[in-house]
Amino acid sequence: MSAILELRGVSKQFAKHRALNDVSLAVPRGAFFSLLGPSGCGKTTALRLIAGFETPTSGEVWLNGTRIDHLPPYRRNVNTVFQSYALFPHLDVRGNIEFGLRRGLPKNGARDVAGLVRRVLEQVRLAGKESRMPSELSGGERQRVALARALVLAPDVLLLDEPLSALDPLLRKQVRAELKDLQRRVGVTFLFVTHDQEEALSLSDSIAVINRGTVEQVGTPQEVYCRPRSRFVADFLGAMNWFDQAGVRPEATHISRQRPENGACVRSAVVSRAIFLGSVMHIEVALGVADGAQEDESHTAIVQVAPNGECFQAGDQVHLWWNSSDEVRFPQ
Amino acid sequence: MSVFRSATRVRSMSRIRSIFAAPAAVLMIATLIIPLVIVAAYSTLTRGAYGGVELPWTLENYQRLIDPLYGAIFVRSFWIAGVSTLLCIALGFPLALFIARAGSRKNLYLSLVVLPFWTSFLIRTYAWMFLLRDTGLINSVLQAAGVIHQPLPMLYNDGAVILGLVYGYLPFAVLPLYATLERLDKSLFEAAADLGATPGSALLRVTIPLSAPGIRAAAILVFVPCLGTYLTSDLLGGSKTILLGNLVQNQFTTARDWPFGAAISILLLAIAMVLLLAARRSGEELL
């Protein structure tokens, strides 16, 4: 797959801090690509540089074979779904969707504006709501109008700035599934900015994990989760138990009262809390100091066991064990 | 029992609160309501022989307002107030937009907008006379520079009145426009650009429609006082430019026709009220 969007050595310096530091990324055509990182890591700045609301201090932005970093936003064939949706409050649903279509006549003659609007409304399942004002819509409907307004212009890349964060948690999971469906149906490249690792893992074809203005790792969800290339990536995506320099995911960490004799790595621990979550029992343990090892920097670990399995209570003496093939290690 | 007591407390609290409003209310009744009632009463009485008013009650003063002689003054007053209002909005909108996007210097620019209020409007209007008259600063400089040989007739005409009104009431347009523009969500402008709107197109299709409440408020705040202006037209318009305000003044001074002057005042008041109510009806929150 060829890259439709490329950042080449992009840096952005604001008055007081460096938001992006020599970032290079290639987004494949048709991909659902996520920028994942904590708030303030520079992911939104990257999106704004691509949209044209900011200009890079250095570096280049290429879209579909053209360099675009010097172009104003209205000359770039990318569209944005804003975090707040930014629907025009004085226009109804139809007016919002037509906004981008009504800028002169395109080269190939008059477009069927009404037809385009009808089709995109069907795609986002808002048919029949053309005459509603934004204030009369629910949060989920507003988000779909924001999507429709951008998608109707057939952008090379659709930029989504935390589009699910304004929705209530119950709705969020449902909309997440719809978003993925929509992307598959319309085939437009999505560049999705989020701080929610679960969102990124469940939606993306590729994830770029960003921390303090630099790209820590790019890969498929499985790659970044199972083979994190830095301690930051390991910690940011899901929980990680640290045993000296080895990281082990909670689901690969096992717990038992007896010391296992299967040749696995073992650490003794004391249960500090057991929380029943329905589908799993979530157990927090305090680690003892391993024989001969230095004091670990992290003294707690998390284990998940089946809800109908062995019962553990605070204060129980236990052993944690794992297979060394499940360890992740980073060079110092 | 406790519910009853707390209800009494709420009632006595609201009584205490209404005491806070009392001084202003007394002042308004004494200086606004009572004089207005007197003006309304005068407008339905007969003109006294040496000024003042006498019985009997009559509606004749209002019938005289239909006279074409006064009709021309009405038209001229509306025209001058209308042009001044349009100019105030046309000049005030870009300025308000500039201030709303000025970041940390907003407050500095806003205080510059209201700075003229620190001196008397009368003195500032005299200053315009000093600038505009035949022997004034502008004509002297232009003549000395050889640009013109005859002084330009800049004073004592409609243009001078409009200039004075626009100058005087520009802040009344800038402030409500600024209040509206400043509250607009910045991401709406980004969304417009993102959807392909050039800056000019975004201004026409997003900024101006969304600042309609501010434009309406500015229009009323400028139009109403301009319609009743007296000082500006008297000083800058000379004897040729008679407006409603000057007509009222004439009735109470030279013409000694108090009832007719009162009737014109009531009419002006009624026009202002209708405009304000119309703005209220359209959901105005700035007035």
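**Exercise 1. Two arginines in loops**

Work out where Arg125(A) sits in chain A and what its phi looks like.

*Solution.* Start with the location: Arg125(A) falls in the loop between α3 (113–123) and α4 (139–151) of chain A. Keep in mind that this is a predicted model. Next, check the backbone: phi is positive, about 55°, although Arg125(A) is not a glycine. Finally, look at the surroundings. Arg125(A) has 13 other C-beta atoms within 10 Å. A residue is exposed at 12 or fewer and buried at 20 or more, so Arg125(A) is partly exposed.

Now do it again for Arg212(A): which loop holds this residue, and is it buried, exposed or partly exposed?

*Solution.* Arg212(A) is in the loop between β9 (206–211) and β10 (214–219) of chain A. Its phi is positive as well, at about 45°, and Arg212(A) isn't a glycine either. There are 16 C-beta neighbours inside 10 Å, so Arg212(A) counts as partly exposed.

**Exercise 2. A serine in a strand**

Decide whether Ser34(A) is buried or exposed, and find what it touches.

*Solution.* First, place the residue: Ser34(A) belongs to strand β3 (residues 32–36) of chain A. Then count neighbours: 28 other C-beta atoms lie within 10 Å, so Ser34(A) is buried. Leaving out residues up to four places away in sequence, the ones Ser34(A) touches are Phe192(A), Thr194(A), Ala200(A), Leu203(A), Ser204(A) and Ile207(A). One more distance to try: Val218(A) is 184 residues from Ser34(A) along the chain, yet their C-alpha atoms are separated by 9.5 Å.

**Exercise 3. Chain A as a whole, and its side of the interface**

Describe the make-up of chain A and the side of it that touches chain B.

*Solution.* Begin with secondary structure: chain A has 8 helices and 17 strands. Its C-alpha trace spans about 75 × 45 × 35 Å along the principal axes. Of its 332 residues, 36% are buried. Take the contacts with a separation of 6 or more: 65% of them in chain A come from residues 24 or more positions apart. At the interface, 17 residues of chain A are in contact with 15 residues of chain B. That side of chain A consists of 10 nonpolar, 5 polar and 2 charged residues.

**Exercise 4. How spread out is chain B?**

Use the radius of gyration to judge the overall form of chain B.

*Solution.* Chain B has 13 helices and 2 strands. Its radius of gyration is 24 Å, and the globule rule gives 19 Å for 287 residues, so chain B is more spread out than a compact globule. The C-alpha trace spans about 75 × 65 × 35 Å along its principal axes. As for burial, 30% of the residues of chain B count as buried. Residues 24 or more positions apart supply 70% of the chain B contacts with a separation of 6 or more.

**Exercise 5. Helices packing on α10(B)**

Classify the packing of α7(B) on α10(B), then look at α3(B) on α10(B).

*Solution.* Helix α7 (residues 158–183) and helix α10 (residues 212–227) of chain B pack at an angle of about 160°, with axes 8 Å apart. Angles over 145 count as roughly antiparallel, and that makes α7(B) roughly antiparallel to α10(B). The crossing is right-handed. Among the residues making the contact are Leu165(B), Tyr169(B) and Phe172(B) of α7(B), and Ile215(B), Leu221(B) and Val222(B) of α10(B). By class, the contact has 16 nonpolar, 2 polar and no charged residues.

On to helix α3 (residues 68–100) of chain B: α3(B) packs on α10(B) at about 140°, with the axes 9 Å apart. This crossing is right-handed too. The α3(B) side includes Phe78(B), Cys88(B) and Ile89(B), while the α10(B) side includes Ile215(B), Val222(B) and Phe223(B). The contact divides into 11 nonpolar, 4 polar and no charged residues.

**Exercise 6. One more helix pair**

What is the orientation of α8(B) and α9(B) to each other?

*Solution.* The axes of helix α8 (residues 186–194) and helix α9 (residues 199–210) of chain B come within 10 Å and cross at roughly 135°. The two helices are therefore oblique to each other, and their crossing is right-handed. Leu188(B), Phe189(B), Ala192(B) and Ala193(B) of α8(B) make the contact with Ala202(B), Arg205(B) and Val206(B) of α9(B). The class count is 6 nonpolar, no polar and 1 charged.

Notes:
Residues are numbered from 1 along each chain as its sequence is written. Chains are lettered from A and ligands numbered from 1 in the order in which they are written. This is a predicted model: local features need pLDDT of at least 70, side-chain atom pairs count only at pLDDT 80 or more; totals for chains, interfaces and linings use all residues. Helices (H or I, at least four residues) and strands (E, at least two) are DSSP runs, numbered from the N terminus. The radius of gyration is taken over C-alpha atoms; the globule rule is 2.2 Å times the number of residues to the power 0.38. Two residues are in contact if their C-beta atoms, placed from the backbone, lie within 7 Å. Ala, Val, Leu, Ile, Met, Phe, Trp, Tyr, Cys and Pro count as nonpolar, Asp, Glu, Lys and Arg as charged, and the others, Gly among them, as polar. Axes are lines fitted to C-alpha atoms, for helices over the stretch in contact, and angles run from 0 to 180 degrees between N-to-C directions. Angles under 35 degrees count as roughly parallel, over 145 as roughly antiparallel, 65 to 115 as roughly perpendicular and the rest as oblique. A crossing is left-handed if the near helix is turned anticlockwise from the far one by less than a right angle, and right-handed if clockwise.
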